[in-house]
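User: Please take a close look at a single part of this structure, namely a sheet and the helices that pack on it. A connected account for a newcomer would be welcome.

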Amino acid sequence: MTKIAVAKGDGIGPEIMDAVLDIFKAAKVPLTYEFVDMGKWVFDKGYSNGMTPEAQATIESLGILFKGPMETPKGKGVKSVNVTARKTWNTYANKRTFQTLHGVDTVFSKAGIPIDITIVRENIEDTYGGVEHMLTHDVALSRRFITRPGSEQVIRYAFEMARKKKATRITCGHKANIMKITDGLFLEVFYEVAKDYPDLKADDVIVDDLCMKLVSRPDLFDVVVLTNLQGDIVSDLCAGLVGGLGFAPSANIGDHISIFEAVHGTAPDIAGKNIANPTALLLSGFGMLRHLGLMEAAAMIENALLYTLESGVHTGDFGSKATPSLNTTEFAAAIIANFGKQPANNPKPLLEDKEVTPTIFKLEKNPMLESKEHGVEYINGVDMFIESNEQPNVVAEKCLQHTLELFKLVTISNRGTQVWPKGSSFTNLVNQYACRFESVGDVPLTQTDIIELYKRLAKDFKICSTELLNTWGDKKAYSLAQGQ
Ligand code: NAI
């Protein structure tokens with residue numbers, strides 16, 4: 001029997017987890033469970049990452065974590081245990097499936113428009129690194145990491161999954177028209193990977209247009225892959241299309257460790273009342289069973305769930321107000337009572353193609369993901385982010401005084417908009433400028449040259465941050481200021 005780690009979580013977590021494990025037990029699912037300590041009460045005991053070292057060791061040795069929602073204590077310095085778990089164990093792909101569930105009324109189900117969308121969201125990078133700084137009292141900066149190997153991991157997973165799902169279309173959602181370097185890289189990797197999957201129709205849609213199309217014609221989408229923040233928003237939008245958070249499962253897939261959980265949180269407003277809807281966690285459980293190759297058990301229980309929903313049985317958060325709602329335990333019992341029944345719509349075949357189960361092994365060192373592409377690389381300038389509440393021409397004058405013969409001051413921008421040498425007096429300013437220095441004649445610079453410039457500018461300005469301007473071959477590896 002396969003052993004997995006289980007963390008019941010906070011709020012409604014223990015109630016819905018008990019309901020799901022009761023269903024698994026009744027179905028004789030061949031799993032054993034090791035319960036681990038994670039969540040708010042673990043933070044409260046003084047473990048700053050929200051899990052005990054024993055919990056971490058157990059999860060790393062078993063490779064599968066089935067978890068209830070967990071509360072992140074509010075306050076400085078404490079990071080979400082959910083995000084920490086996904087990042088620490090490199091569960092790089094967040095897969096969320098959204099399907100029409102008969103018995104769960106939505107505008108689309110009433111209109112007879114079927115939905116079967118899988119969102120694959122990058123799970124590690126983007127602004128979710130949470131690398132943020134106040135540059136001045138007025139200006140906060142967040143770093144957005146989009147990496148080539150990180151993008152490739154999640155995009156390749158999405159294509160493999162799309163093939164297994166027998167999807168016909170895979171779409172990349174992005175904002176590469178604005179964020180040309182970060183989203184541009186994600187989109188570039190998408191089309192590179194697409195070349196290995198000629199059987200799948202690969203296309204891309206700008207994320208705002210994607211949202212509009214998803215709410216008007218959701219039936220046109222199959223698999224959609226997105227960066228972290230955009231994927232987070234779009235997947236909640238899709239949850240709304242199929243009936244809300246109570247029906248949104250989530251799988252965090254990595255090469256070694258995978259985490260299965262519901263999308264929703266701890267629902268503190270209904271915790272302890274035994275009225276929460278366990279469906280999202282149960283659907284997440286099906287993803288886990290299939291991931292472990294337990295296809296028959298997953299299909300049998302899923303058919304019972306679909307039959308139960310079709311019969312009009314419901315918890316308090318959905319369904320007809322004309323029929324009384326069941327509590328969490330009663331809802332689980334109703335599903336168990338329907339084992340062996342076939343739903344009228346979309347019954348799941350008991351014999352499905354098995355998904356590949358990842359190999360779990362102990363890693364001796366941290367894997368280094370590095371792409372093989374290196375062009376001829378040199379530094380040809382620097383952006384100096386300085387604090388100043390003076391006018392752009394005054395900032396420029398001071399910069400020019402300190403510019404060594406190696407550097408030329410090319411542009412000054414404020415919040416990404418050029419304000420010097422050209423600009424408009426209608427541009428509102430904040431007290432932080434980016435001053436761009438490039439090498440005269442595109443001569444390669446050294447870091448010592450940059451430090452020399454830094455020392456000189458520091459006589460007049462507080463330098464909040466610096467960013468090297470790299471050139472690879474003839475490609476400038478940085479964006480232009482708006483208006484430059
Ligand atoms: P929430 O998802 O817990 O609740 C939003 C609304 O949906 C509430 O009205 C709640 O009663 C309802 N709801 C959620 N799940 C339900 C269910 N299974 N059955 C019936 N109704 C349900 O979101 P909220 O209130 O923003 O977050 C509460 C806490 O959960 C926070 O501490 C947050 O950090 C945490 N959280 C944890 C997540 C995780 O563990 N993966 C994900 C999202 C939030």
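Analyst: Six strands make up an open sheet in the order 15-14-16-13-17-18, with antiparallel pairing. Strand 15 (417–420) and strand 18 (475–476) stand at the edges; each has a single partner strand, so one side of each is left without a neighbour in the sheet. This is a predicted model, in which local features need pLDDT of at least 70 and side-chain atom pairs count only at pLDDT 80 or more, while totals for chains, interfaces and linings use all residues. Residues are numbered from 1 along each chain as its sequence is written, and side-chain values use heavy atoms, with hydrogens and water left out. Helices (H or I, at least four residues) and strands (E, at least two) are DSSP runs, numbered from the N terminus; two strands pair if DSSP finds at least two bridges between them.

At one edge, strand 17 (residues 462–472) and strand 18 run antiparallel and are joined by two bridges. Here W472 stands opposite K475 of strand 18.

Helix 14 (residues 447–457) packs on the sheet, where it touches strand 13, strand 14, strand 16 and strand 17; contact means heavy atoms within 4.5 Å. The direction of helix 14 makes about 15° with that of strand 13. Such angles run from 0 to 180 degrees between N-to-C directions, and the axes are lines fitted to C-alpha atoms, for helices over the stretch in contact.

Helix 13 (residues 392–402) lies across strand 13 (377–387), strand 14 (407–414), strand 15 and strand 16 (432–439). Helix 13 runs at about 155° to strand 14.
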